[in-house]
Amino acid sequence: MSRVARLFRRPTTSDGRYNFSKTGGVVKIHLLDNTTIEFAVATSDSGQAVLEKVGKTLSLHELLFYGLKFRTSASYYRWVDREKSVCEQLKRSADRNYSDVLYFCVQYFIHDVNLLPDDTTRYLYYLQLKKHILSRRLLCGLDQATVLASYAIQAEFGDHDREVHTVDFLSDFDLIPGDVLADLDQEVVMRKVTDLHQKNHGLSPETSELCYVKQAQLLPTYGIEFFPAKDINSLGLLLGASYVGIIVRHANGLPPVSFRWADILNIRPKSGKHGGQLQIETPTEYIFFKMDSPETAHYVWQFFVQQHAFFRKVASMTSAMGSNAKPTRQEFSLDAPGTYENGHQSSRKVKRKLTISRIHGGKHRRDEVDGGQATLSGEARYMLEPGEGVNHETPMDITHLNV
């Protein structure tokens, strides 16, 4: 992928904070490979227009799966509205210290890697899932973490070399989530990773990344983005959504509940006396959730609507594949008709770079945005189907939500 940055002089205020002019300004965009690019953005440029600039720079022909995020004044992250002015969204809602910063992320996740249209998309998908694993947005246990680490090493370092890929060498890299390593002998864990790495001999970077993605897709919180909320009794919970449906995870150990998109009749944001509400209608009941404000309720509603639209798109793509008809580029577009070339497949070779970060003094600071507004501690033990594989004895810790 081409990562040529277009650099412009950045106007700032006296305190160094970025300032948009009446005609626009410059935004810095953090990419999934830990590099950054900068673009001149006009006041009228929509989120879709800026996303297309990123896609052109990265030689991406398919943008369906991606989105842009920014850090809000409340120190959590929100998706840029593709239809509205980026400058206006940043001026209105962004953290004053991050008012010119966007993050390029995977926004929509799928169940079948065969739906990823090209090698570039699969590579970026892999990078995003790796960030989710290390940031603990995507939860896994020790055994799963060591398998994933072995594929990451194979993808980025190649076949095992006993003279190079020693336990000491691997211990210098950010491979296992910190809380998974807590209270464990790091040398023993890295030795296990080394043993697994040897078994991956001969796997190409592309195959190793694909194995990583397939393993990550088996994890319970794969593809789910959570938001803090409360039930009608004001008990804290996490309200999440993915391509599968809506998931409710309680803070008091009650079993999680899921609603598949096919079973949801309607979703409505509402204004309440003490904040916002979200109403979910099923064939048998109405369920209300309290949000911290009407604006938050509207944002979560919009996110759910977009996830449902993606679910319908994936269903049509899967149906096309089942009938041996290859989906065209136009079929991949959610809301930007005419953006992509029908039937065009990118044959461009992906330019890979080292994306495993070194740990400095044991206090490595990971990329500060890995896509979620809420994180869960401990290993998740539930499935999307209610009642299947649920550990009712493990309560959820929501004391450190990133909000």
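**Entry 1: β1 and its partners**

I looked up the pairing of β1 with β5 in this predicted model and found the two strands parallel, joined over 3 bridges. I took one pair as a reference point: Lys28 has Val101 in β5 as its bridge partner.

I then turned to β2. Its pairing with β1 is antiparallel and extends over 7 bridges. Gly24 is matched with Ala42 of β2. In the hairpin of these two strands, 5 residues lie between them, and I noted there that Asn34 adopts a positive phi near 75 degrees.

I asked how far β1 is enclosed by the rest of the structure. Of its 7 residues, 5 are buried, that is, under 20% relative accessible area, so I recorded β1 as largely enclosed.

**Entry 2: The sheet as a whole**

I traced the strand order next. The sheet is open and has 5 strands, arranged β2-β1-β5-β3-β4, with mixed pairing. Which strands stand at the edges? I found β2 (36–42) and β4 (77–79) there; each has a single partner strand, so one side of each lacks a neighbour in the sheet. From one strand to the next, I noted an average twist of 35 degrees.

I also checked the contact between β3 and β5. Strand β3, residues 66–71, runs antiparallel to β5, residues 101–106, and 4 bridges join them. Within this pairing, I found Phe104 of β5 to be the bridge partner of Leu68.

**Entry 3: Helices on the sheet**

I followed helix α1, residues 47–57, onto the sheet and listed the strands it touches: β1 (24–30), β2, β3 and β5. Its direction makes about 140 degrees with that of β2.

I then examined helix α3, which comprises residues 119–135. I found that α3 lies across β3 and β5, and I noted an angle of about 110 degrees between α3 and β5.

**Entry 4: A nonpolar surface patch**

I looked for nonpolar side chains on the surface. Ile232, Tyr286 and Phe288 form a patch there, and together they have about 320 Å² of accessible area.

I placed Ile232 in the chain: this residue sits in the loop that runs between β6 (225–230) and β7 (236–241). Is Ile232 buried or exposed? Its relative accessibility is 59%. The cut-off for exposed is over 50%, and I therefore entered Ile232 as exposed.

Terms used. Residues numbered from 1 in each chain as written. Predicted model: local features only at pLDDT ≥ 70, side-chain atom pairs only at ≥ 80, totals over all residues. Heavy atoms only, no water. Patch = residues over 30% accessible without salt bridge, like charges linked within 9 Å, V, L, I, M, F, W, Y side chains within 5 Å. Areas by Shrake-Rupley, 256 points an atom, 1.4 Å probe, with all protein chains shown as cover. Salt bridge = Lys/Arg side-chain N within 4 Å of Asp/Glu carboxyl O. Helix = DSSP H or I, 4+ residues; strand = E, 2+ residues; numbered from the N terminus. Buried < 20%, exposed > 50% of the residue type's maximum accessible area, 1.4 Å probe, protein only. Pairing = 2+ DSSP bridges. Axes fitted to C-alpha atoms, helices over the stretch in contact; angles between N-to-C directions. Contact = heavy atoms within 4.5 Å.
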